[in-house]
Amino acid sequence: MADDTSKKSTPPGWYAGGLKHIWLPYAQMKTATPPLPVVRTHGSRIVLADGRELIDGIASWWTACHGYNHPHIRQAVERQLADMPHVMFGGLAHEQPLMLAKRLAVLLPGDLNRVFFSDSGSVAVEVAMKMAMQYWINRGVKARHQFIAFKGGYHGDTTGAMAVSDGEDGMHALFAGLLPQHVIVDLPDDEASEAALDKLLTQRAGDIAGIIVEPLVQGAGGMKFHDAAVLKHLRALADKYDVLLIFDEIFTGFGRTGTNFACEAAQVIPDIITLSKALTGGTLGFAATVASRKVFDAFWSDDPKKALMHGPSYMANALACAAANASLDLFEREPRLQQVATISAALVLGLEPCRALRGVKDVRVMGAIGVVEMERIDNLDALRARFVEEGVFIRPFGNVIYLTPAFTIAADELKALTDAVMKVVADN
Ligand SMILES: Cc1ncc(COP(=O)(O)O)c(C=O)c1O
């Protein structure tokens with residue numbers, strides 16, 4: 001169990017000296033609560049410099065799906081490190097990315113079978129957008145350069161990805177009106193929004209390269225869930241108006257919603273899919289944009305101008321590919337989806353009682369995602385600190401408290417997380 005949380009000591013020397021040169025993520029540097037110094041991770045635990053051990057409720061932005069420091073991934077990366085940490089992917093090919101591409105093509109539904117590797121989720125989205133725009137250019141249609149995306153959506157922090165994220169309520173609201181203009185509308189989850197999207201496409205399909213959506217769960221935009229029917233409807237509209245359908249599975253991919261990919265649960269095959277986060281089991285930054293045959297065929301030509309002009313320096317990094325292949329081994333060898341189902345049931349059991357507490361607006365669970373949505377959270381920093389006092393690492397944002405634990409979390413650790421949520425919300 002979590003160690004005594006009252007233990008406090010002076011931070012290590014590297015902390016104060018380095019912190020003043022660091023720019024932290026999503027933080028007003030002047031007022032931000034200083035981050036907790038971490039010295040080690042293992043399983044579902046984060047070990048702090050003062051010896052405290054926190055049970056991790058987030059798995060490092062839901063990347064570490066097998067828990068931290070999984071020996072199988074560690075050994076694969078160590079082996080690869082000894083042979084070749086990295087070699088450029090222009091003009092050279094090597095085993096790990098080729099093996100990984102083949103495995104992803106087999107795992108993904110339909111003919112999503114052409115894999116472009118990059119470094120992070122946001123870049124994978126940029127690549128997907130670029131592919132979609134060039135798909136049309138290569139077919140002789142230059143006017144289709146806009147995207148339809150959805151309110152509550154989040155696709156990353158680079159400017160292209162920001163422009164298809166919710167620009168009004170999202171974290172990039174400051175840039176509203178300053179980014180390339182796309183069409184951000186309500187998800188078609190009822191008759192009125194379905195009709196509105198249909199009408200929009202009747203009028204605007206000629207401008208639209210594609211529709212981009214986070215299937216089943218809008219993550220960083222508020223952990224909002226929708227039904228498979230929404231995705232089926234989007235597929236039907238994309239076919240009717242001949243626009244590409246892009247699924248951003250950077251959050252949902254690799255078991256998080258209960259199936260390998262959310263598109264599988266929805267039985268909808270997109271034209272392009274983006275993957276990252278749990279792709280390397282939380283070990284190294286890495287991403288893939290996977291195109292269907294139809295998309296790839298639009299680039300297949302004797303004309304060099306029809307080539308996809310993209311190639312990150314660290315494309316197909318050998319260490320990241322080794323980690324990703326090892327992560328896929330674990331999905332094959334260990335009962336991950338069964339573990340997700342068990343976690344799901346425990347999240348329902350542990351979080352549902354929160355519904356009766358003051359200030360709670362909604363409680364919802366899908367796969368290994370548990371959400372307690374509050375009417376509002378006045379002081380996020382104070383709430384985050386309360387969780388640390390309870391011996392857990394849980395990081396609410398906006399008005400949601402959420403859990404996205406490792407799939408390997410022990411039952412008592414998961415109970416400690418849901419108990420902490422219940423206790424802190426009750427005390428709130
Ligand atoms: C659905 C989705 N797309 C894209 C991203 C961006 O990924 P990254 O942070 O690796 O750039 C995220 C990150 O949370 C995400 O959840």
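In the predicted model, a polar side-chain atom of Asp248 sits 2.7 Å from a nitrogen atom of the ligand. Of the 390 Å² of accessible area that the ligand has on its own, the protein covers 84%. Two further polar atoms of the protein were examined beside ligand oxygen atoms. Ser122 places a polar side-chain atom 2.6 Å from an oxygen atom of the ligand. Gly121 contributes through its backbone: a polar atom there is 2.9 Å from a ligand oxygen atom.

These three residues belong to a wider shell. Trp62 is part of this surround, as are Ser120, Gly121 and Ser122. Tyr154, His155 and Gly156 also surround the ligand. The remaining members are Glu214, Asp248, Ile250, Phe251 and Lys277. By residue class, the shell divides into four nonpolar, five polar and three charged residues.

The fold around the ligand was then described as a whole. The protein chain has 14 helices and 16 strands. Its C-alpha trace spans about 65 × 55 × 45 Å along the principal axes. The radius of gyration of the protein chain is 22 Å. This agrees with a compact globule, because a globule of 428 residues would have a radius of gyration near 22 Å.

Confidence was examined next. The pLDDT of the protein chain averages 96. A score of at least 70 is reached by 98% of the residues. Residues 1-6 fall below 50. In the model, this stretch has 15 contacts beyond near neighbours in sequence.

One loop residue, Leu357, was followed in detail. Leu357 lies in the loop between helix 12 and strand 13. Helix 12 covers residues 336-351, and strand 13 covers residues 360-366. Leu357 is 15 residues from Thr342 in sequence. In space, the two residues are 25 Å apart, C-alpha to C-alpha. Which residues does Leu357 touch, not counting those up to four places away in sequence? The partners are Met422, Val425 and Ala426.

Methods:
Residues are numbered from 1 along each chain as its sequence is written. This is a predicted model: local features need pLDDT of at least 70, side-chain atom pairs count only at pLDDT 80 or more; totals for chains, interfaces and linings use all residues. Side-chain values use heavy atoms; hydrogens and water are left out. A residue is near a molecule or strand if one of its heavy atoms lies within 4 Å of it. A polar contact is a pair of N or O atoms within 3.5 Å; within protein, one must be able to donate a hydrogen and the other to accept it, and residues adjacent in sequence count only if both atoms are side-chain atoms. Accessible areas come from the Shrake-Rupley method with a 1.4 Å probe; for residues, only the protein chains shown count as cover. Ala, Val, Leu, Ile, Met, Phe, Trp, Tyr, Cys and Pro count as nonpolar, Asp, Glu, Lys and Arg as charged, and the others, Gly among them, as polar. pLDDT is the predictor's confidence in each residue, from 0 to 100. Contact means heavy atoms within 4.5 Å. Helices (H or I, at least four residues) and strands (E, at least two) are DSSP runs, numbered from the N terminus. The radius of gyration is taken over C-alpha atoms; the globule rule is 2.2 Å times the number of residues to the power 0.38.
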